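Visitor: Please give me a close look at a single part of this structure, starting from its middle and working outwards. I am new to this, so explain each term as you go.

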Amino acid sequence: MYANAPAQTLSDLAANATLAADIANPSEASFYNVSEASFANVSEENLLQNAAKTKFQPIVIGIVAGEVSGDALGADFMRQMNNLRDDIVWVGVGGAQMQAQGLNSVIEMSRLSVMGLVEVVKHLPDLFKARDEILAAFKQNAIDIFVGIDAPDFNLRLGERLKSAGIYCVQYVSPSIWAWREGRIEKIKRATNLVLCLFPFELSVYQKHNHPAVCVGHSLLKTIDDNLLTTPMDELRRELIWDNPTYHQFFVKMGEMEMSHLIAVMPGSRRSEIDAIFPKMLKAIHKLLIMDDKLCFIVPTVNQHLLTIVEQYLEAQSAQVRHHVTVSCDETQADFSQRVMAASDLVLLASGTATLEAMLLGKPMVVVYSLNKMTFWLAKRLVKVPYVALPNILAGREIVPELLQEDANPDNICRVVQQSLKVKNYNEQLRDLRQTSEWLRDQSNINPANAVIDNWLTWKQQ
């Protein structure tokens, strides 16, 4: 049922389809060519420094994540590494979660959170500058290991330069070579010593090309709080309201009526996603409230900046929509959005890692996604998988509804949400999500920290 299922979302693939297609530059080498000022002579210096190091000296690891989902993945990896060794120095790029694990982030992660063909081209000058700043920091800190967290079009170019300079390079999250452009395996081999795959079916292409890769599973399999799966819904909602003051007034206000369903709305973790998707979701919410005025909606955001953007969109809506929708953020809780999803009946969300979270939480969902037209056209030509939502990709069939591009309009969103809330459809999706989650857990059992340390030590002895 699952053996040949591919593993990433259209959002990931569209991001890959930009830089990887090399549309903006005539040659890969020139795109991320390292200036002498940023990384000159690093190979000779590192070889000398590494030769002088002993096992009692710290390991310096360079690590780069480019967006919120990568920040969570990178933080979990760092946590596991820190549990193995207490002498690791972390330098690179990451968000609040990675910084909480000890990362010295040399630039703002948001500078790398660029997606889509048109969007990337506009930000090329700053991406070039960010590249040089990162490489200079790696040189200054004499890193031993480089770990790229997802963002393959950026991180593999870093990896090519670093590996050639004698640095052990790891790519955490396999590029989507199973879905398109398998020829990129040669670039991956030049840029990495080891690839950490999230899903078991990704290994076959690396075995075919004789390149080291292991399946470590997704960190969400280990980090989702079991209490979110076992605690009764009423108790989850009471805890959510109690712990978040912004919800007090909203739910007191909603207490004046019987709530039919609570729906979590998650339009994405990038500004471009919110701009493209959230207005359509709000129009759909207006239509849903006309048919059921007892629906309630919660929009969790990953940070205060995105909360402000979402609230600006909400303020432009009718009084009825504003009455039934609340927006909240709690950056002190890494699992805040998961807690919101767990307390909800249904999740209306953008395609991405959040669909995997919803699946593992056993939450039926409706997936909506919209891209720049040129980016979508390019992705459709390059990508050879039939689905974009991770639950569908993993299952090899559509177990959650997807609404993409022109189909992602308010009328369709309203209709599909209504259909998904019907008891028969709801229970069928719930069953399929649970079965897919169980299969994925059974296939994922290698610790990524152990894999990196073991393979690095073996490499050093060669």
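Guide: Here is a walk through one sheet, followed by a look at its surroundings.

This is a predicted model, in which local features need pLDDT of at least 70 and side-chain atom pairs count only at pLDDT 80 or more, while totals for chains, interfaces and linings use all residues. Residues are numbered from 1 along each chain as its sequence is written, and side-chain values use heavy atoms, with hydrogens and water left out.

Let us get our bearings. The chain has 462 residues, and 57% of them count as buried. Buried means under 20% relative accessible area, exposed means over 50%, and partly exposed lies in between, with a 1.4 Å probe and protein chains only. The secondary structure comes to 25 helices and 13 strands. Helices (H or I, at least four residues) and strands (E, at least two) are DSSP runs, numbered from the N terminus.

Our part is an open sheet of 7 strands, with parallel pairing and the order β3-β2-β1-β4-β5-β6-β7. Its edge strands, each pairing on one side only, are β3 (103-105) and β7 (213-215). Two strands pair if DSSP finds at least two bridges between them. On average, neighbouring strands of this sheet are turned by 20° against each other, direction ignored. Such angles run from 0 to 180 degrees between N-to-C directions, and the axes are lines fitted to C-alpha atoms, for helices over the stretch in contact.

Start at strand β1 (residues 59-65), which is largely enclosed by the rest of the structure because 7 of its 7 residues are buried. From β1, I59, I61, I63 and A65 point one way, while V60, G62 and V64 point the other way.

Now look at the partners of β1. With β2, β1 pairs in the parallel sense over 6 bridges, and I63 has G92 of β2 as its bridge partner. To get from β1 to β2, the chain passes through helix α5 (residues 68-84), making a right-handed β-α-β crossover. Right-handed means that, with the strands pointing away from the viewer, the path from the first strand over the helix to the second runs clockwise. With strand β4 (residues 145-149), β1 pairs in the parallel sense over 5 bridges; here G62 has F146 as its bridge partner.

Moving outwards, strand β2 (residues 88-93) runs parallel to β3 and is joined to β3 by 3 bridges. Across that pair, V91 stands opposite N104.

Next comes a loop, between β3 and α7 (117-122), where you will find I107. I107 is buried, with a relative accessible area of 6%. Among the residues that I107 touches are G92, V93 and L112; contact means heavy atoms within 4.5 Å. I107 and V93 are 14 residues apart along the chain, yet their C-alpha atoms are separated by 6.1 Å.

For some context, there is also an open sheet of 6 strands, in the order β10-β9-β8-β11-β12-β13, with parallel pairing. One side of β10 (325-328) and one side of β13 (402-404) are left without a neighbour in that sheet, because each of these edge strands has a single partner. Within that sheet, strand β8 (residues 261-266) has 5 of its 6 residues buried. Parallel to β8 runs strand β9 (residues 295-300), joined to β8 by 4 bridges. The bridge partner of L262 in β9 is C296. The chain gets from β8 to β9 through helix α16 (residues 271-291), and this β-α-β crossover is right-handed as well. On its other pairing, β8 meets strand β11 (residues 346-350) in the parallel sense over 4 bridges, with V265 opposite L348.

What about the cysteines? C296 is buried, with a relative accessible area of 0%, and C197 is buried with 0% too. A search of the whole structure finds 0 disulfides, a disulfide being a pair of cysteine sulfur atoms within 2.5 Å. For C197, the closest cysteine sulfur is in C215 at 6.7 Å, which is too far for a bond.

Conventions:
Lists of a residue's contacts leave out its neighbours within four places in sequence.
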